[in-house]
Amino acid sequence: MITQKTIDRINELYKKSKEAGLTPEETLEQKELRSAYVKAFRDNLRGTLDTIKIQNPDGSMIDVKKRHDDKMKLKEQLKEEEKSGE
């Protein structure tokens, strides 16, 4: 989990890199912190997107995640059929 302390440290390392440069240890720390931040951001976004539902004009609800998964399965099936047909 990303805390405000982690974000502050990322910002601190960024400012130091622009002013005086970073030691190899600080560069590694910066890379790890940024990677953890991006992973947390993506996980949070994925969680949000997975819960979105769209309401049609007729009142029915579409689960966006299920719709996406169905499209990806269909796409994969079409690829397999195309390969077997070659």
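Visitor: Hey, what gives the most to the nonpolar patch here?
Guide: H2 does, with five residues. Helices here are DSSP runs of H or I with at least four residues, numbered from the N terminus. One heads-up: this is a predicted model, where local features need pLDDT of at least 70, side-chain atom pairs count only at pLDDT 80 or more, and totals for chains, interfaces and linings use all residues. Residues are numbered from 1 along each chain as its sequence is written, and side-chain values use heavy atoms, leaving out hydrogens and water.

Visitor: Okay, which residues form that nonpolar patch?
Guide: Tyr-37, Val-38, Phe-41, Leu-45, Leu-49, Ile-52 and Ile-54, with about 580 Å² of accessible area together (Shrake-Rupley method, 1.4 Å probe, only the protein chains shown counting as cover). To join such a patch, a nonpolar side chain (Val, Leu, Ile, Met, Phe, Trp, Tyr) needs over 30% relative accessible area, no salt bridge, and a partner within 5 Å.

Visitor: Is Val-38 buried, partly exposed or exposed?
Guide: Val-38 sits in helix H2 and is partly exposed, at 37% relative accessibility. Buried means under 20%, exposed over 50%, and partly exposed in between (1.4 Å probe, protein chains only).

Visitor: So which residues in H2 are buried?
Guide: Glu-26, Gln-30 and Leu-33. Their cover includes helix H1, residues 4–19.

Visitor: How many residues has H2 got?
Guide: H2 has 27, running from 24 to 50. From first C-alpha to last it reaches 39 Å, close to the 39 Å expected (1.5 Å times one less than the number of residues).

Visitor: New topic: how many salt bridges does the structure hold?
Guide: Eight. Each is a side-chain nitrogen of Lys or Arg within 4 Å of a carboxyl oxygen of Asp or Glu. Take Glu-29 and Arg-9, at 2.8 Å from N to O. Glu-29 is in H2 and Arg-9 in H1, so this pair ties together parts 20 residues apart in sequence. Arg-9, Glu-12 and Glu-29 are also linked in a network of salt bridges.

Visitor: What about Glu-26, which side chain does it meet in a salt bridge?
Guide: Lys-16, at 2.7 Å from N to O. Glu-26 lies in H2 and Lys-16 in H1, so that pair ties together parts ten residues apart in sequence. Glu-26 counts as buried at 14% relative accessibility, while Lys-16 is partly exposed at 31%.

Visitor: And in H3, how many residues apart are Asp-70 and Lys-66?
Guide: Four, so about one helical turn separates them. Asp-70 forms a salt bridge with Lys-66, their closest N and O atoms being 3.1 Å apart.

Definitions and conventions:
Helices (H or I, at least four residues) and strands (E, at least two) are DSSP runs, numbered from the N terminus. Contact means heavy atoms within 4.5 Å. Patches are made of residues with over 30% relative accessible area and no salt bridge: like charges are joined within 9 Å, nonpolar side chains (Val, Leu, Ile, Met, Phe, Trp, Tyr) within 5 Å.
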